[in-house]
Every structure is written in C-alpha cells, then in structure tokens.
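Student: I would like to go through the ligand site and the sheet beside it. Please give the reason for each label.

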Amino acid sequence: MAENRMDKIVALAKRRGFIFQSSEIYGGINGFWDYGPLGVELKRNVRNAWWADMITEHDELFTPAGAPSSFDMVGVETSIIMHPQVWKVSGHFDLFVDKMVDCRETRSRYRLDHVKGRWIEGKLADAAADASPETLFVCAVGDGPELLDELTKRALKLFGMRSNQADKLNWKSEPASLATLPVEQFASVIAPEAKSKGTLTDPRDFNLMFKTTLGALGTDADAAYLRPETAQGMFVNFKNVCDSSRVKIPFGIGQIGKSFRNEITPRNFTFRSREFEQMEMEFFCPPSQSLDWYTYWRDRRYNWYINLGVSKENLILREHAKDELSHYSVGTADVEYAFPFLAPGEYGELEGIAHRGNFDLRSHMEGKLCKKDGELVVETGPDGKPKYAGSGKDLSYFDDQTRERYLPHVIEPAAGCDRATLAFLCEAYHEDEAPDDKGAMQTRVLLKFHPRLAPIKVAVFPLIKKDGMPEKAAEIYREFKRAGIAATFDQQAAIGRRYRRMDEIGTPFCVTVDGDTLSNDTVTIRDRDTLEQIRVSVKELVNHVQERLRG
Ligand code: ATP
C-alpha cells in the first residue's frame, strides 16, 4: 500500500542514517531536517550531478542537441540575506503569501489549501438526543489514501460510531480542498483535530518570508528577510557577471544554496520544509529566441532526472494552464514525481521551468511591476512615484555583433535539492526475494541508486577473518580510497549479512577477498541489482569499478 511504502522509506532513512528529524532529542522542530552520514553523501551527489551538468562539465564551444546555439554557463554563490528592497521589487514582500486559517478551538494554524474535507450527513456524538442529523464538512490535513483513512476515522469518532461501522457513514461528496469552499459555509466545517463545528477563522494572508533583524537597534528600518529563493542573487548580479567574465548572451548563471519559507503546514517528510536547498539557474537570452530556449531547458531538465535513474512511469512534465501562471510568467512547466505519499495518479513538484520574460531585470531597474490592462507597468503609490523603487541602474545588454541594446529574457529552471534527493530515495526503494547464506529465499530491501548517486560506491570484505584475507582486503579498500572512490570495509558477520547491509544503503558493488585471491590475485565483485558475481584481477579492479560507475 502507498502509505506503507512511504513509512518504510522514512524508517529506512532514519535507521541507516540518511535523514533525521532536526533537534530530535528535544522532540523535533516542525519543517526542519538533518542529513546523517549517508544522507549527506547522497545529497552531495545530487548537488554535484546538477552542478557538473550545468556548470563544470558544460562545453561552451558545443551546441547540445535541441539547443538553438552554443552558450556559456557560470556559477555564483550569493548571500542568504539581501537588501530588503530586493524582495519589495521582486514582488515577494507583497505577493509571496499563502492563505491560512486558525482554529479557535485547538489554536492550530493551517494553510487553507492543505486542509481537505468531505461533506457528510450525521449527528455529532455530543448533540442533543432529539437533534436532527446535519450536513457537515469534516476535515483533515493530508493526501492520497492516508487522507481518506483519516477522514473516515474522524467521522466515526465525531458521530460516536464504532470502527467497524465505516460502511454506515453517509458521505455526500468526494474530498475537496477547503480553499474551494465559500467562507459563508465555514460554519459547517469541522476543522482538523477540532471536536465542534465552525471553529475556523476567515482565511488571512500570511507572508512566507522569515523576518529577521540586522544589528543591535532592532527598529523596523533594520528588518531583513531570509531569502525564499536563490534566483534574486543571479538577477542582482547580472551586470557584475557580464562585466567581470567573458560571457556573451545567451548564457546562464547557476547557484545552489539554502532558501527559507515559513510554510504554514510543512509535511510529507522533507518534501515541504521550512529550510531547504535550491538548485536554480537563470538563462539570459535574446527575446526572439526565448521560446526555443524555454523548450530546450524544459526537456533537458526532465531528462536529467531520467538519466539519473528515475523511471518515465513516475515522472511527468506538466505544462501550466494560463490561469496557473505566476504574475510574470509567459510559460511554465513542472517536472513532477509520483511520490509514494500521494494517491495513484497524483504527482508532486520537483522543479519548475519558467519563462520569466524580462520581468526581473526590468523590476530591478524601474521598480516593482504589476499588470494593468494586460501590460506590465511600474506599480505606483498615492504620490504617483513607484511603490517600490528599483535600483535605477541600467541592466540592459549590448550585443556587439548585432549592435543592439535590449533587456534579455530569462528562462529559469528552479529545482529543489531536497525534493530531488527524496525522489531519488523513493525511486531507489525496492524489495525483492533473494537467497540468504543457506540458500533460503528471503525478502531483500535494496536501494537501487544510480551509481553516481550512491553514497558508497564499493564495499570490500574479507570472506573470513583469517589467512591474510583481512590484510589483503584492507589493501584493496585503501586503493579505492586513493582513487577517490567512496569505499567501505566490513569484516563483521556472515558474508550474506554484509551483502544485505550494503544492498539496504544502495552500494552498487561488493568486492570479496576469498581463498582464491591469495593464490591467483583475483576477487569476486557482486552487482547489487542483478546479484551476479564475477572474478576480476586485483590489478584491474579499480579501473573495472571506475568503468562500471560511469555506467
Ligand atoms: P510548491 O508549489 O510545492 O510550494 P513552488 O512552486 O512554490 O512549490 P518554486 O518557488 O517554484 O516552488 O521553487 C522551486 C523549487 O524549490 C520547487 O520545485 C521545489 O523543488 C523547491 N521547494 C520550494 N518550496 C519548498 C519547500 N517548502 N520545501 C522543499 N523544497 C521546496
């Protein structure tokens, strides 16, 4: 079952040191996560794969398939706290809000669209004996099958029914988000965790940016914000990058770094956290080529996940409908993954690829823009001046080939490193049947990571702890380390147990030193997925593994 699979993944992540709840010994803190010894390697590999694909392994002389021309790519690392004007001009100060509701009974706070409910007819357990049944909107927070179970449990409890009476519940609708319900009907809503009806406040705007104070005085003028996205770091440095490096349009600026959003209902493991890492790239191009570049980056980013082992059945590219687009966007597509915590057929966003036009550069020049009669214009205050002034700097680009000056258009692939890591973890989780040491079939848990993402690439075992095998195995282990291959050494427990331990953390190869090694200088190398074992000469071993890691 879907929920079962996710529970197993979360349990494995904790048991084997991939992901822990932050500050767990103090009861945890909602929306924050820590990566353990294996998780930090997995996430670093995800980050490195992105950076290599985007920046270090990019060939600026070569036109990749599907791209309109060759192009440059560079990286930056910008500060988390930026000038507060950045967020006023970008629109985050006014528009980066979610609707929230408070429950007067339980004092809980929810993001409006995260609360889901179902209409049901029944009589509350504490209603008067002669009261007639009423139609109520019973709510819970969740997705997929878990949500349906939770709603059923809640309804049974509220109506004072027994757990075996679920088929007697008189449902009047399928689950729908509370955001679809008119506020006038809130009197009939039973909030998640509440016992009585009508306890929710009217929805209010809640800004997702974390506010902090600079310096010791702490006045309003010292307010600053933790960045909710890394993208603005690239826009405000556009001129610096053009002036300091030899990039020519078209080119991209990439960045990986932490972002912060005060999510009202963080949930689904690391999927929605309050502190997370983004991998974003702003691609600057001539306006006339922007749609071609949009298509190019959309398809390339989808394929990045496929090339790292995500199956096509679980990954979709969803083009946004016009009414879903952000205030600046000309076109946006999401790469979405069928996370196991979602219902079959539902997908969660891994990355958004947005055509942002010249919105950001223009705003940072002229001031915050807004839409008026279908056109983007500078938003003005009561005095007729820009509501939030831009930098006043000229951020246009001069093309010395065509002798034209223009404001470039921007294509932005914005990915979440933690969401990608979680998707790779979910995709890798498998159970199969494999023989144990005595030949009996046993359920085997394995993480089928792409070799490039696996935290440990190779494990080296002496078959037994004598006859010089541990010494030989230690020598081989060190050779892997010297070659920069993440290796581990294990001589504890029966060989079958050691293989299982490595399968469970996704190590693609296990090398075993046995009796034959000492006579003919060969070892066995076992493949995690196929269980195939072949003999390889020790001299060839590092090269052999390096080849197979390349895939
Ligand atoms: P959502 O609709 O899920 O809140 P978003 O559309 O607001 O996401 P973007 O602003 O496009 O997200 O951010 C780009 C990427 O950053 C997302 O695709 C996602 O991978 C990641 N991301 C955004 N918010 C979070 C979060 N709270 N926790 C983890 N990753 C996040």
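Tutor: In this predicted model, a backbone N or O atom of Leu 350 lies 2.9 Å from an oxygen atom of the ligand.

Student: What makes that a polar contact?

Tutor: The cut-off for a pair of N or O atoms is 3.5 Å. The Leu 350 pair, at 2.9 Å, is within that limit, so it counts as a polar contact.

Student: How do you know that Glu 349 makes a polar contact with the ligand?

Tutor: A polar side-chain atom of Glu 349 is 2.6 Å from a ligand oxygen. That is within 3.5 Å, so the label applies. For Glu 263, an N or O atom of the side chain lies 2.8 Å from a nitrogen atom of the ligand, and the protein covers 80% of the 590 Å² of accessible area that the ligand has on its own.

Student: Which element gives the most residues to the shell around the ligand?

Tutor: β18, with 4 residues. β15, β18 and β23 are the elements that give two or more.

Student: Why are β3 and β16 called edge strands?

Tutor: The sheet is open and has 7 strands, in the order β3-β14-β15-β23-β18-β17-β16, with mixed pairing. β3 (72–75) and β16 (315–319) each pair on one side only.

Student: What makes β15 and β23 a pair?

Tutor: Pairing needs at least two bridges. 6 bridges join β15 to β23, so they pair, and they run antiparallel. Among the residues involved, Glu 280 has Ala 414 in β23 as its bridge partner.

How values were computed. Residues numbered from 1 in each chain as written. Predicted model: local features only at pLDDT ≥ 70, side-chain atom pairs only at ≥ 80, totals over all residues. Heavy atoms only, no water. Polar contact = N/O pair within 3.5 Å; in protein donor to acceptor, adjacent residues only side chain to side chain. Areas by Shrake-Rupley, 256 points an atom, 1.4 Å probe, with all protein chains shown as cover.
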